[in-house]
Amino acid sequence: MWKFILFALLFSPMLVRAQASAIPADQEAAHKVVLKNEFVEVMHVTLAPGQSTMLHTHSHDRVAVNLSESTVSEDVPGKRPPRTMVTSAGSFSVQACAKQGCTHRVHNRGKTTFEALDIELLKRPAGPAASPVAAPAAESRSFRVYRWALAPGDSTQEHTHSRPYLIIAATPMQLLMKAPGGRSMDHLVKAGDFHWIDSKVTHILTNNGKESGLIIEVELQ
Ligand SMILES: [Zn+2]
Ligand SMILES: [Zn+2]
């Protein structure tokens, strides 16, 4: 018992200090806020080889979409050893951070620049829940994630988004978006390009180029 108290006295101030020194994710130097509205905050994360973020906290439910092939490790205070991950463009993770916060530090251990888009839910937009537009690649209480891997000439099925969503290019692509009734838009998108849409949309996405491409849609629940 006394040993335990001594242990707690010795180590708890360190733990408190470690937590207190974490800064909010959107104030961390590698995180650049690229969109913030009432509902979402989107940050573009860039880490050069060998570079590390400062200890930071994500305080909202989030989806992190990787845009690069990189080797990174993640330090979570109180958890040893650091976890090493190999990312690829279009791999992603979904994390619930709204209740307790997610505090970590990320190190780029590889030879390529690590790039990711971090999407955080600030507030659920009003309106009823909707059924999935297709089989989600992942789902949480806050998000549905759809992952469209499109070979040259391939199209998604026609689908309707009734909830606000973000469309994200995880790789470069010549992207053709067709709406029923004939309206279509043809864009050369690059990795990390994204768009926030808060109106009801029915569309078909087509890879109109010569290279395979990957589109991620993150829909708010
Ligand atoms: Zn982070
Ligand atoms: Zn869609």
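In the predicted model, strand β15 (residues 173-178) and strand β16 (residues 184-189) run antiparallel to each other and are paired over six bridges. Within this pair, lysine 178 has serine 184 of β16 as its bridge partner. The two strands make up a hairpin in which five residues lie between β15 and β16, and glycine 181, located in the turn, adopts a positive phi of about 95°.

The hairpin belongs to an open sheet of four strands, arranged in the order β13-β18-β15-β16 and paired in the antiparallel sense. Because β13 (159-161) and β16 each have a single partner strand, they stand at the edges of the sheet, and one side of each is left without a neighbour there. On average, and with direction ignored, neighbouring strands of this sheet are turned by 35° against each other. At the β13 edge, the pairing with strand β18 (residues 201-207) is antiparallel and consists of three bridges, with threonine 160 standing opposite threonine 202 of β18. Pairing of this kind has a common basis, in that strands of a sheet are joined through backbone hydrogen bonds, either parallel or antiparallel.

Taken as a whole, the protein contains one helix and 19 strands, and its C-alpha trace spans about 75 × 45 × 25 Å along the principal axes. Of its 221 residues, 32% count as buried. Among the contacts between residues at least 6 apart in sequence, 77% join residues that are at least 24 apart.

The chain is divided into domain 1 (22-121) and domain 2 (138-220), and the centres of domain 1 and domain 2, taken over C-alpha atoms, are separated by 23 Å. The contact between these domains draws on 18 residues from domain 1 and 19 residues from domain 2. On the side of domain 1 that touches domain 2, at least two residues are supplied by each of β3 (40-47), β5 (62-66), β8 (92-95) and β10 (114-121), and β10 gives the most, with four residues. Classified by residue type, that side of domain 1 comprises 14 nonpolar, two polar and two charged residues.

Strand β10 also pairs with two of the other strands named above. With β3 it pairs in the antiparallel sense over eight bridges, and in this pairing threonine 46 has glutamate 115 of β10 as its bridge partner. With β5, which likewise runs antiparallel to β10, there are five bridges, and asparagine 66 stands opposite alanine 116 of β10. Seven of the eight residues of β10 are buried, so this strand is largely enclosed by the rest of the structure.

The largest nonpolar core of the protein has 41 residues, and those with the most contacts inside it are Val65, Ile168, Ala170, Ile215, Ile216 and Val218. Two or more residues are given to this core by each of β3, β5, β10, β12 (143-150), β14, β15 and β19 (213-220). Since domain 1 (22-121) and domain 2 (138-220) both give residues to the core, it lies between them. Such an arrangement may be read against a general tendency, namely that in soluble globular proteins nonpolar side chains tend to be buried together.

Two members of the core illustrate its contacts in detail. Isoleucine 168, which lies in strand β14 (residues 165-169), has 25 other C-beta atoms within 10 Å and is therefore buried, the threshold for this class being 20 or more. Apart from neighbours within four places in sequence, isoleucine 168 is in contact with Val65, Leu117, Phe194, Ile215, Ile216 and Val218. By contrast with these contacts, the C-alpha atoms of isoleucine 168 and alanine 151, which are 17 residues apart along the chain, are separated by 17 Å. Alanine 170, when residues up to four places away in sequence are not counted, touches Val65, Leu67, Ala89, Gly90, Ala191, Leu214, Ile215 and Ile216.

A further local feature concerns the backbone of domain 1. Arginine 80 and proline 81 are joined by a cis peptide bond, for which omega is about -15°, and proline 81 lies in strand β7 (residues 79-87).

How values were computed: Residues numbered from 1 in each chain as written. Chains lettered and ligands numbered in written order. Predicted model: local features only at pLDDT ≥ 70, side-chain atom pairs only at ≥ 80, totals over all residues. Domains from an automatic or database assignment. Contact = placed C-beta atoms within 7 Å. Nonpolar A, V, L, I, M, F, W, Y, C, P; charged D, E, K, R; others polar. Pairing = 2+ DSSP bridges. Axes fitted to C-alpha atoms, helices over the stretch in contact; angles between N-to-C directions. Buried ≥ 20, exposed ≤ 12 C-beta atoms within 10 Å, placed from the backbone. Core = buried A, V, L, I, M, F, W, Y, C linked by C-beta atoms within 7 Å.
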